[in-house]
Amino acid sequence: MSDLADRAVAAYLGLAIGDALGATVEFMSAREIEHEYGVHERMVGGGWLKLKPGQVTDDTTMALALGQAILSSGGIHAQAIAEAFDGWMRAKPVDIGNTVRRGLLAFRATGVPAVPLSEHDAGNGAAMRVLPVALATLGQGEAAVREACRIQAHVTHHHPLSDAATECLALMVQAAVQGADLAQLLHRYAYPLAGGYPAFVFRTRQRRDSPGGYIVETVQAVFQALFDTDSFRTCLVDVVNRGGDADTTGAIAGMLAGALYGTAALPDAWLKALDPAIRTACSEQAMQLIEMGCVEQRAVG
Ligand code: MG
Ligand code: MG
């Protein structure tokens with residue numbers, strides 16, 4: 001397997017691992033987690049969704065639905081994506097965000113696969129599922145990648161902060177799977193995001209604990225955990241033990257750390273505990289999506 005393929009697979013498995021690990025402590029505070037677990041670092045399931053050990057939630061299953069829509073429609077097409085998300089919702093997922101539900105009900109009613117700009121759409125639901133777009137658009141220019149991110153995001157979320165974060169995360173994953181290191185991600189992407197949108201400033205004395213579903217809190221917690229650790233494991237343990245929307249911070253941190261550190265850095269115990277069907281689906285889809293990205297890259301080049 002090429003280094004790029006290895007990192008792409010690790011990003012997808014990292015997303016699922018972070019989701020499954022974090023879901024156990026979703027909506028708990030850092031203090032409640034410490035009281036109950038000391039440090040939460042095992043795939044034990046449970047949580048408010050009463051999950052099986054290694055079971056994932058909407059963060060991973062929406063990404064897989066998005067990836068499948070990209071593969072079957074041959075690109076980033078809003079109609080295909082909205083239909084895939086609608087099918088995903090009909091299959092009664094274990095959880096679903098309010099903004100996602102509202103957006104998909106609007107699609108059912110109007111047939112329009114995009115929601116209008118709304119101040120209520122600054123949740124993290126578009127950012128958490130962006131990975132397949134990042135992989136499928138590898139090798140395309142930055143403007144095209146950003147446009148693809150917005151097409152998938154606006155099916156349910158349309159807000160400048162959600163857009164900025166979603167695009168930034170996709171570009172970070174692309175850089176990492178192509179070999180960028182932690183310092184490069186910090187200086188090329190994370191600092192510029194906070195420079196353009198000061199709400200995202202994450203280098204403060206205040207530790208972002210119990211991050212909510214607001215994209216700003218999610219990104220602050222993920223960036224603090226990512227840039228203050230130096231391994232997949234320590235990054236994930238740091239971010240999920242902050243509690244709050246821990247499955248989603250876990251998923252996003254896992255995606256970035258997976259892309260950075262590769263499959264060799266994924267802890268065996270976590271990988272083994274992950275739902276086997278999800279493990280297979282993530283690995284296979286990552287390979288198919290980068291194939292698509294690389295094919296388009298050749299066509300452009
Ligand atoms: Mg979830
Ligand atoms: Mg969540």
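About 180 Å³ of space lies in the second largest pocket of this structure, which is a predicted model, and that pocket makes a handy place to start. Its lining is made up of 14 residues, and Arg146, Ala164, Cys168, Pro192 and Leu193 are the ones nearest its centre. Two or more lining residues come from each of helix H7 (142–153), helix H8 (160–177) and helix H9 (182–196). Of these helices, H8 gives the largest share, with six residues. Sorted by class, the lining of the second largest pocket holds eight nonpolar residues, one polar residue and five charged residues.

Cys168, one of the residues nearest the centre of that pocket, leads on to the cysteines. How many disulfides does the structure hold? The count is zero. Cys168 takes part in no disulfide, and the nearest cysteine sulfur, that of Cys149, is 10 Å away. A disulfide here would need two cysteine sulfur atoms within 2.5 Å. Cys168 counts as buried because its relative accessibility is 5%, under the 20% limit for that label. Cys235 is likewise in no disulfide, and for this residue the nearest cysteine sulfur is that of Cys168, 15 Å away. With a relative accessibility of 0%, Cys235 also counts as buried.

Now let us turn to the largest pocket. About 410 Å³ of space lies in it, and 24 residues line it. Which of them lie nearest its centre? They are Ile96, Gly97, Asn98, Asn124 and Asp245. At least two lining residues are supplied by each of helix H3 (58–73), helix H5 (98–110) and helix H12 (246–261). H5 provides the largest share of this lining, four residues. By class, the lining of the largest pocket divides into six nonpolar, 11 polar and seven charged residues.

Asp245, which we have just met among the residues nearest the centre of the largest pocket, is also a good guide to the metals. Together with Glu26 (OE), Asp247 (OD) and Thr248 (OG1), Asp245 (OD) coordinates the magnesium ion (ligand 2), at 2.0 to 2.7 Å. Along the chain, the donors of this ion follow the spacing E-x218-D-x1-D-T. The pair Glu26 and Asp245 links distant parts of the chain, 219 residues apart: Glu26 sits in the loop between helix H1 (3–23) and helix H2 (30–37), and Asp245 in the loop between helix H11 (232–240) and H12. Are Glu26 and Asp245 buried or exposed? Both are buried.

What coordinates the other magnesium ion, ligand 1? Its donors are Thr57 (OG1), Asp58 (OD), Asp59 (OD), Asp95 (OD) and Asp247 (OD), at 2.0 to 2.8 Å. In sequence, these donor residues are spaced T-D-D-x35-D-x151-D. Thr57 is buried, with a relative accessible area of 0%, and Asp58, at 6% relative accessibility, counts as buried too.

Asp247 ties the two sites together. This residue bridges the magnesium ion (ligand 1) and the magnesium ion (ligand 2), and the two ions lie 3.6 Å apart. If you are following along in the 3D view, Asp247 appears in the donor list of ligand 2 beside Asp245 and Thr248, and in that of ligand 1 beside Asp95.

Methods
Residues numbered from 1 in each chain as written. Chains lettered and ligands numbered in written order. Predicted model: local features only at pLDDT ≥ 70, side-chain atom pairs only at ≥ 80, totals over all residues. Heavy atoms only, no water. 1 Å grid on protein atoms, 1.4 Å probe; cavity = no way out; pocket = protein on both sides within 12 Å on 5 of 7 lines; lining within 4 Å. Points joined across faces, edges and corners; volume = space filled by probe spheres on them. Nonpolar A, V, L, I, M, F, W, Y, C, P; charged D, E, K, R; others polar. Donors = N, O, S within 2.8 Å, 3.2 Å for Na, K, Ca; no water. Buried < 20%, exposed > 50% of the residue type's maximum accessible area, 1.4 Å probe, protein only.
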